[in-house]
Every structure is written in C-alpha cells, then in structure tokens.
Amino acid sequence: MACRISELVVDCADPARLAVFWSEVLGYVELGREDDGSIEIGPPGTGFGGPQPTMVLSPSSDPRTGKLRLHIDVNPTDRDQDAELARLLALGARRVDVGQDGTENWHVLADPEGNEFCLLRARIPSV
C-alpha cells in the first residue's frame, strides 16, 4: 500500500486573494471555508479525494523567513509555455530570480504573496 498527496496546505496572509489566484491558475473552484478563515480549493466536480490534490489556503500572520523548502511546479495543459507564461503574469504572478542562468527550460514565478513556483515547458493532458 502507498500514500498519495491529497492536499497542499499553504500558510498565507490573505487566503481569499490566493484562493482566487490559484483557482485561476489551476482551473479550480472553491470547495469550502473553515471558521479559522482557511479556504479549500480543488478541481470542479471532484473535490477532495480525486486524482488531483486540493489546496488549503490557511491564514497565518507569521512572517516568511528565507527560501521555501518546497515549491509547486505547474505545466500548461492547453497552450504552449509562452502563452501560459503570459496568462500567469496577467493573473498576478511575477518573475523571480533564484539564480537561474538563462538556459533553463522553465520559468520561476511567485504568486501574489511571493511563494515561488515554476512553470515547466512540457504540455501535459488535463485530468
């Protein structure tokens, strides 16, 4: 028997803002809100327990110190990397320099709260 990733939990200052951003990036919808202000987003029609993990945006006032120890990689599903990069930047992502040399086939970006993620080149089928 094995495990699989069912949820990604992200501590953030503004869960509502990040829920909107990541829902647009991933094609997710809001699945629910908790009394503590957490918002869960996930694939429409599937939600928790489906083939893709949900995301829980959890409120936190703790300041971020240093580089994230884990980051998310995303791949385009219905367009090439350049078109997806333009879409993500229009949604509020920003480019981040983490020491790239310019020969990489991915783009390092940050969400509206500065959490790094990478846009990879390969187009993969949507689930």
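**Figure 1. The hairpin of β7 and β8 in the predicted model.** Five residues lie between the two strands of this hairpin, and G114 adopts a positive phi near 90°. Strands β7 and β8 pair in the antiparallel sense, with four bridges between them. H107 has L119 of β8 as its bridge partner. Strand β7 spans residues 107-110, and strand β8 covers residues 116-119.

**Figure 2. The open sheet with strand order β5-β8-β7-β6.** Four strands make up this sheet, and their pairing is mixed. Its edge strands, β5 (72-74) and β6 (94-95), each pair on one side only. Three bridges connect β5 to β8 in the parallel sense, and L119 in β8 serves as the bridge partner of V74. At the other edge, β6 runs antiparallel to β7 and is joined to it by two bridges. There, R94 of the model is placed opposite A110 in β7. Strands of a sheet pair through backbone hydrogen bonds, in either the parallel or the antiparallel sense.

**Figure 3. The surroundings of E116 in strand β8.** Is E116 buried or exposed? E116 counts as buried because its relative accessibility is 17%, which lies under the 20% limit for that class. With residues up to four places away in sequence left aside, E116 touches R64, L68, H71, I72, V96, L109 and A110. Among these contacts, I72 falls within β5 (72-74), whereas L109 and A110 fall within β7 (residues 107-110).

**Figure 4. The aromatic cluster of F21, W22 and F117.** Three aromatic pairs occur in the structure. In one of them, the ring centres of F21 and W22 are 5.3 Å apart and the planes meet at 85°, so this pair is edge-to-face. F21 is buried, with a relative accessible area of 3%, and W22 likewise counts as buried at 3% relative accessibility. The rings of F21 and F117 have a centre separation of 6.2 Å and planes at 65°; this pair is therefore edge-to-face, since an angle over 60 degrees places a pair in that class. F21 belongs to helix α1 (residues 15-26) and F117 to strand β8 (residues 116-119), so their pair ties together parts that are 96 residues apart in sequence. Both F21 and F117 are buried. Ring pairs thus link F21, W22 and F117 into a cluster.

**Figure 5. The packing of helix α1 against helix α2.** The two helices pack at an angle of about 165°, and their axes are 10 Å apart. This angle makes α1 roughly antiparallel to α2, because values over 145 degrees fall in that class. The crossing of α1 past α2 is right-handed. On the α1 side, F21, E24 and V25 make the contact; on the α2 side, R87, L88 and L91 do so. F21 is also a member of the aromatic cluster with W22 and F117. Helix α2 comprises residues 81-91.

**Figure 6. The open sheet with strand order β1-β4-β3-β2 and its contact with α1.** This sheet has four strands with mixed pairing. Strands β1 (7-12) and β2 (29-33) stand at the edges with a single partner strand each, so one side of each is left without a neighbour in the sheet. From one strand to the next, the twist averages 25°. Strands β2 and β3 (residues 39-42) run antiparallel and are joined by four bridges; R33 stands opposite I39 in β3. Helix α1 packs on the sheet and touches β1, β2, β3 and β4 (54-59). The direction of α1 makes about 160° with that of β4.

**Figure 7. The surroundings of L31 in strand β2.** L31 is partly exposed, with a relative accessible area of 36%. When residues up to four places away in sequence are not counted, L31 touches E40, I41, G42, P43, G47, F48 and T54. Of these contacts, E40, I41 and G42 fall within strand β3 (residues 39-42), and T54 falls within β4 (54-59). How far apart are the C-alpha atoms of L31 and R69, and what is their separation along the chain? The two C-alpha atoms are separated by 27 Å, and the residues are 38 residues apart along the chain.

How values were computed:
Residues are numbered from 1 along each chain as its sequence is written. This is a predicted model: local features need pLDDT of at least 70, side-chain atom pairs count only at pLDDT 80 or more; totals for chains, interfaces and linings use all residues. Side-chain values use heavy atoms; hydrogens and water are left out. Rings of Phe, Tyr and Trp (its six-membered ring) pair if their centres lie within 6.5 Å; planes under 30 degrees apart count as stacked, over 60 as edge-to-face and the rest as tilted. Buried means under 20% relative accessible area, exposed over 50%, partly exposed in between (1.4 Å probe, protein chains only). Two strands pair if DSSP finds at least two bridges between them. Axes are lines fitted to C-alpha atoms, for helices over the stretch in contact, and angles run from 0 to 180 degrees between N-to-C directions. Contact means heavy atoms within 4.5 Å. Angles under 35 degrees count as roughly parallel, over 145 as roughly antiparallel, 65 to 115 as roughly perpendicular and the rest as oblique. A crossing is left-handed if the near helix is turned anticlockwise from the far one by less than a right angle, and right-handed if clockwise.
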